[in-house]
Structures are given as structure tokens and as C-alpha cells.
Amino acid sequence: MHELARALADQLHPGAAPRDVTVSFGARRQAPVEYRSRGRGGPVTVYAQALHAALYGLPTPDESLPTALDALLQATHTASAPEQKTAVLRQVAEQLRNAAEIIQSYQYRAQWDRFPADVAEQLADAHDQAQQIAQALDRVAPAFGHQPTDTTPCAQAAHGRSATTPVASPPTPAPRHR
């Protein structure tokens with residue numbers, strides 16, 4: 001399946017990462033009207049998985065995860081299987097990578113348009129933080145693939161913590177020097 005996703009991504013640009021490529025399907029004007037009113041698109045990896053399953057007669061996932069964050073929030077509340085929880089975290093990480101790219105384009109635009117220096121610096125910091133969070137989610141997502149069964153003192157202490165106990169915030173990244 002990964003080779004199929006890579007081949008599809010290569011159609012856009014040789015060597016493009018499949019996670020960075022989306023596809024869009026539509027019907028040509030000569031197609032019957034019932035086909036022309038619809039279009040579909042999404043991550044190339046999702047289409048590669050579906051195509052792979054269709055070609056080889058494999059089961060397809062019941063429903064792919066939504067990409068909109070508000071829909072992912074709803075999926076978080078309904079995800080019950082461990083693999084669903086892992087998939088939601090991975091999708092959030094992917095969306096954070098997309099957000100980081102958006103932030104970076106605004107950072108470049110702020111520099112190009114000569115906005116005050118702190119605007120570009122804050123956008124650069126937000127870009128870095130979004131990437132760091134995405135990487136952290138990539139690291140922890142597999143843990144949700146199974147339910148923890150041990151009750152170590154550390155886990156019990158975390159579970160017994162009061163909801164009002166403040167949680168330490170992550171360290172802020174070092175200032176960027178240009």
C-alpha cells in the first residue's frame with residue numbers, strides 16, 4: 001500500500017512525500033450529469049489504502065477519519081477501540097503539520113511585506129511549536145493502540161491527581177536568532 005501511495009505522490013512530483021499530497025477527482029464535461037455534480041478528494045494515502053484494498057480484495061476500513069478538527073473532536077468522543085484512538089491522534093498530528101505549513105507561509109508573507117519583526121518571530125515560534133506537538137503526538141499515539149493494564153505507583157499518582165492541580169506547561173523554545 002505504501003508503494004501505491006508513493007506512486008500516486010510521484011505523479012505530482014517525483015520524490016514527494018505521500019503525506020504531503022492530496023488528490024482530487026471530478027468528472028469531465030462529457031460525462032453523464034449524475035457524475036458531474038460530484039467531486040471527491042483527500043489525502044493520497046487514504047486513496048492508496050482504498051485502492052489497494054479494492055485491487056487485492058482486502059477489507060476496507062468502515063469509515064476513514066475526518067480531516068476537519070471539529071469533526072476529529074467528535075471522533076475523539078466516540079472512539080472506543082484502541083486503534084481508533086491511535087488513528088485520531090495520528091490524524092491530529094497530520095493536521096498540526098498542515099497548520100505548521102500554513103503558519104510558515106504567513107511568516108514568510110509577514111517578512112516579505114515587512115511587518116514588524118515580532119510578527120514574523122511569533123509566527124516562527126508558533127510554527128516550531130506546532131511541529132513539536134505533531135512530533136510528540138507521533139511518539140505517543142502508538143501507546144493508545146492497547147489499553148494499559150498495570151497499575152504502577154506513577155500511574156496511580158497521575159490518576160489520583162486533583163483536577164484543580166496545576167499542570168506544568170511545556171518549556172518555551174529558545175528565541176530564534178536571524
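## Close-up views of a predicted model

**Figure 1. The whole chain.** Of the 178 residues in the chain, 20% are buried. The model is predicted. Seven helices and two strands make up the secondary structure of the chain. Read from the N terminus, the order of elements is α-β-α-β-α-α-α-α-α. The chain exposes about 13500 Å². Carbon and sulfur atoms supply 57% of that area. Contacts also reach along the sequence: among those between residues at least 6 apart, 52% join residues at least 24 apart.

**Figure 2. The largest nonpolar core.** Six residues form this core: Ala9, Ala16, Val21, Val23, Val44 and Tyr47. Follow Ala9 through its contacts. Leaving aside residues up to four places away in sequence, Ala9 touches Ala16, Ala17, Pro18, Val21 and Val44. Ala16, Val21 and Val44 belong to the core as well.

**Figure 3. A second core.** This core is separate from the largest one and has five residues. Among them are Ala93, Ala134, Leu137 and Ala141. Ala134 is also a contact of Arg97, the residue at the centre of the next view.

**Figure 4. Arg97 and its surroundings.** Arg97 lies in helix H5, which spans residues 82-112. Is Arg97 buried or exposed? Its relative accessibility is 17%. Buried means under 20%, so Arg97 counts as buried. What does Arg97 touch, not counting residues up to four places away in sequence? The contacts are Arg19, Ala134 and Asp138.

**Figure 5. A salt bridge inside helix H5.** The side chains of Arg97 and Glu94 meet in a salt bridge, at 3.3 Å from N to O. Both residues lie in helix H5. They are three residues apart, about one turn of the helix. Glu94 is buried, and so is Arg97.

**Figure 6. A salt bridge between two helices.** Asp138 forms a salt bridge with Arg97. The closest N and O atoms are 2.8 Å apart. Asp138 lies in helix H6 (residues 117-140) and Arg97 in helix H5, so this pair ties together parts that are 41 residues apart in sequence. Asp138 is partly exposed, with a relative accessible area of 33%. Its partner Arg97 is buried, at 17% relative accessibility.

**Figure 7. The salt-bridge network.** How many salt bridges does the count come to? The count is four. Which residues are linked in a network of salt bridges? They are Glu94, Arg97 and Asp138. Arg97 has a salt bridge to Glu94 and another to Asp138.

**Figure 8. The Arg109 and Asp113 pair.** Arg109 forms a salt bridge with Asp113. Here the closest N and O atoms are 3.1 Å apart. Arg109 counts as partly exposed, at 46% relative accessibility. Asp113 is partly exposed too, with a relative accessible area of 34%.

**Figure 9. A nonpolar patch on the surface.** Leu51, Leu55 and Tyr56 form this patch. Together they have about 340 Å² of accessible area. Tyr56 has its place in helix H3, residues 44-56. How open is Tyr56, buried or exposed? Its relative accessible area is 59%. Exposed means over 50%, so Tyr56 is exposed.

Definitions and conventions: Residues numbered from 1 in each chain as written. Predicted model: local features only at pLDDT ≥ 70, side-chain atom pairs only at ≥ 80, totals over all residues. Heavy atoms only, no water. Helix = DSSP H or I, 4+ residues; strand = E, 2+ residues; numbered from the N terminus. Buried < 20%, exposed > 50% of the residue type's maximum accessible area, 1.4 Å probe, protein only. Contact = heavy atoms within 4.5 Å. Core = buried A, V, L, I, M, F, W, Y, C linked by side-chain atoms within 4.5 Å. Areas by Shrake-Rupley, 256 points an atom, 1.4 Å probe, with all protein chains shown as cover. Patch = residues over 30% accessible without salt bridge, like charges linked within 9 Å, V, L, I, M, F, W, Y side chains within 5 Å.
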